[in-house]
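The following exercises are to be worked through with the sequence and the coordinates at hand. Each task is followed by a stepwise solution.

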Amino acid sequence: MSSQLLASTIINGVLNGGLYGLLGLAIVLVFRTTAVANFAQGELGMFAGFILLMGVLPLDLPLWLSWLITVAVSGVIGGAVYLIMLRPRPNAGHLNMTVRTLGFYTLIYAVSVYAWGALEPYRVPTVFGPETVPVLGFSISYDQLGTVGVTIIMAAAFLLFFRYTQLGLAMRAVAINPEVASLQGINVRRIALSVWLIAGAIGAIVGLLVAPISFLETSLMRPYILKAFTAAIMGGLYSFAGVLVGGVILGVAESFAAVAISIHMREPFVFMVLLLVLLLRPAGILGKVQRGRV
Amino acid sequence: MLLQAEGLRVGYGEMMALHGISLQAGAGEIVAVLGANGAGKTTLLRTLSGLLSARAGRISFDGHDVSRRPAHQLVRLGISHVPEGRGVLAELTVIENLQLGAYARGGVRKSGGLDRVFELFPVLAERRDQPAGMLSGGEQQMLAIGRSLLARPKLLMIDELSLGLAPRIVHQLMDLMHTIKTEGLSVLLVEQNVHQTLKVADRVYLLVNGHIAFQGTPDALRAEGDLMRTYLGTD
Amino acid sequence: MPGKTSGWAFALIAVAALAIAPLWLGTYPRYVISVWLIFALSAVGLNIPIGLASIYSFGHGGFMLIGAYATGVATISWGWPLLPAMLLAVVIAIAVGALIGLPSLRLTGFSLAIVTFAFGYMLFHVVKAFDLTGGPQGLFMPETALARAWGGRPLYYMVLAIFVVGVFWAHSIATGKTGRALRTLGTNEIVAQSLGINLLRAKMLSFMLSGVYGAVAGSLLALVTTYVAPETYTPELSINMFAAVMIGGSGTLVGPILGALFIVLIPELTQSAQNLSEIIYALIFCLVATLFPSGLLGMAKSAIRRLRPQPVPAAVRE
Ligand SMILES: Nc1ncnc2c1ncn2[C@@H]1O[C@H](COP(=O)(O)OP(=O)(O)OP(=O)(O)O)[C@@H](O)[C@H]1O
Ligand SMILES: [Mg+2]
């Protein structure tokens, strides 16, 4: 393997892996606080790409502002999903709740295909600019650099938020024991709503990072959701740091599999990584004890 | 009366656990609820703190009708409940557990009172950054009580204060209940440890199969030899 | 539901109706009914892990893929007759079902769900990668004698016959020893263990049984649609199958059949609404899942029950 190829393989892997990790964070957060496996997490990102392209860009605002607006709108969508689809009949059980997210996944996809067509690629402008920079003798695009940068900032913000803020602490308490949390004066339902807002926003950020690199189309996030779940499991469905590390390991591993074995083996390879982790480290790569809720 | 419950009927599915319970607690009073396993003590506390809904009856607290209020609102009104099993969040550190206690009061800094909790329970200060799951049973009970105090309650409800604790610790915690009381707080104690409880309580309710079989002073209960023997297993 | 006399009578009438209807029906309605019966068969099998044992299985489309591709490859590339080809499909599905069930004791429900999802996802990508399985285009099935003779009715009757056998077998599983074991472990694994139920064997069995149903359904689908394409067996198929069971009413016999009707019929019925059909399907999907957690069957039952007054259950305060 040439060093050029090696470098680009690693960069691609880290870049994608970071995105799996981010999406995985949202999945773990939602799962821990509301006991729902959110299958629609990826589609929220795809939808955000179209919101940006179709709804916000025509307003002719600065690109960064359009970005922020899109992220906010997507957060609101996440909150609305919780209020409309998960609030009613709250005692229905995890299985039913998960089916509801599947329903929303189907809905958001159907709406997108109706509005923007299946398999129709759209070009989304990048906030980072089209240039490339040489780093240690390799050329890296601003897009790649920016994506990695945003991923790192988001991950750091996420970890700090949960470690040092009252709201983050309350969310952790709800995740561990909702009843004890409510006895401390925490409004568990409001926390769940905030969690879904965050999930919507994270979905949008990932979608907006992916869309300019590949073309935006309705199945944009399909390859991401399973990998995000895998990253979540690598974090033992608990440790945020574990999810991020897991995502990066997964991204780099599949990137190497694609180059070294065959591009077709990239997706099946993820399955192998998943099985390996589950069999060798069922509590996650950084985990000690399994605390699954389901 | 600070707390006044009338005719509470509570059930799980088809089964009724409380058949019309009325209970009162005044300001600065220690009220104890005694009863055998399965008598309905936990159900009563969970109803009072808003975790369960009564099918009939009224609860008023500090002048508000709180029959339909959810738990997290009752904390703000001044009811704090140490649940059965203490409800310490083992994965969080001691200080994080305490911060949660002050959540309803806008955080420990705003709430104040952290120094006081550390003064009451110096061991918590020593272990403030350790995961709460590493504490001993007695220390966890102290953490749970400290956390509740940080919510600055008017009424502190504790489910099984003495369960699984060494006599020395039980003594210390019962003394603490007395101290708290002299500061004007009310305490509602659910207990199976009859002797210790009768020493500190001002008034006692005896719960039998979801009914109140006795209410009155500890001395009056002690005089009811039959009740003591039959339902509390003491002589 | 069979079990009461009225249930048996209902089942008999339904089968009789399905048996005489094609004498008058044209090719297209017959085709739609066949597809429904195939999906219903598949859903009835998926109900075994989901409805009985409360195990999430998000990879059922993978079993259908195995059925379709094994049948396709064996008949086209190796020139096997149909029956041995279908048998091969079933054997592979049983083996794969056992493999998926193998780690089930070590995994939480969530992790196992992701494993099953990943399994379906992986197969979808694998068949696209190999020439043997026709790559991204897939395989065209040769027209069988079953489809040629008498306007294709023999194929229809074969589907119906297998469906009926499958439903009765599922019924006897659900009401028999296996069903009791699965339901017990679905409610409480510790109790199940104390009753001497071998958890690993029971869980593996539930995947193997659902695999048999999925593979047979996939085989039949290949025959009826005469086409084995990767795009039919996407991860969305697994999701739709799961939805069919949950929307119809899991844990019941009729529920999955109703649910299959839902996922097959709604898109067909709303086709006149052009591209809106997918949206209408998704909306109904969301509505049923949110408002009727126990599915269409539960919804019907609660409508009946509402005629009688009910005691208020203990509830957590809003
Ligand atoms: N979640 C529940 N579901 C169904 N029944 C319950 C539930 N919790 C308690 N019960 C029943 O309600 C009755 C009262 O139980 P409760 O826990 O209130 O009693 P207790 O006096 O606190 O007992 P203990 O001393 O064992 O803690 C018992 O018969 C119990 O079996
Ligand atoms: Mg109790």
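**Exercise 1: A metal site in chain B**

At 47% relative accessibility, B:Glu84 counts as partly exposed. The model is a predicted one.

Task. Determine which protein donors the magnesium ion (ligand 2) has, and where in chain B they lie.

Solution.
1. The protein donors of the magnesium ion (ligand 2) are OG1 of B:Thr42 and OE of B:Glu84, at 1.8 to 2.3 Å from the ion.
2. B:Thr42 belongs to helix 1 (residues 41-48) of chain B, whereas B:Glu84 sits in the loop between strand 6 (79-82) and helix 3 (94-101), so the pair ties together parts that are 42 residues apart in sequence.
3. Buried means under 20% relative accessible area. B:Thr42, with a relative accessible area of 18%, is therefore buried.
4. The partly exposed class lies between 20% and 50%, and B:Glu84, at 47%, is placed in that class.

**Exercise 2: Strand 3 of chain B**

Task. Establish how many residues of strand 3 of chain B are buried, which way they point, and in which sense the strand pairs with strand 8 and strand 9.

Solution.
1. Strand 3 of chain B comprises residues 30-35, and six of its six residues are buried.
2. In a regular strand, side chains alternate between the two faces of the sheet.
3. In strand 3 of chain B, B:Ile30, B:Ala32 and B:Leu34 point one way, while B:Val31, B:Val33 and B:Gly35 point the other way; all are buried.
4. Strand 3 pairs with strand 8 (residues 186-191) of chain B in the parallel sense over five bridges. Within this pairing, B:Ile30 has B:Val187 as its bridge partner.
5. Strand 3 also pairs with strand 9 (residues 203-208) of chain B, in the parallel sense and over five bridges. Here the bridge partner of B:Leu34 is B:Leu206.

**Exercise 3: Annotated spans in chains A and C**

Task. For selected spans that UniProt annotates as "transmembrane region" in chain A and chain C, state the helix content and the distance between the end C-alpha atoms.

Solution.
1. In chain A, the unreviewed UniProt entry lists spans including 65-85 and 236-257.
2. Residues 65-85 of chain A are 100% helix, with end C-alpha atoms 30 Å apart. Residues 236-257 of chain A are 82% helix, and their end C-alpha atoms lie 24 Å apart.
3. In chain C, the annotated spans of the unreviewed entry include 31-48 and 241-267.
4. Residues 31-48 of chain C are 100% helix, with 27 Å between the end C-alpha atoms. For residues 241-267 of chain C, the corresponding values are 81% helix and 14 Å.

Definitions and conventions
Residues numbered from 1 in each chain as written. Chains lettered and ligands numbered in written order. Predicted model: local features only at pLDDT ≥ 70, side-chain atom pairs only at ≥ 80, totals over all residues. Heavy atoms only, no water. UniProt positions renumbered as here; feature names shortened; annotations may be inferred. Helix = DSSP H or I, 4+ residues; strand = E, 2+ residues; numbered from the N terminus. Buried < 20%, exposed > 50% of the residue type's maximum accessible area, 1.4 Å probe, protein only. Pairing = 2+ DSSP bridges. Donors = N, O, S within 2.8 Å, 3.2 Å for Na, K, Ca; no water.
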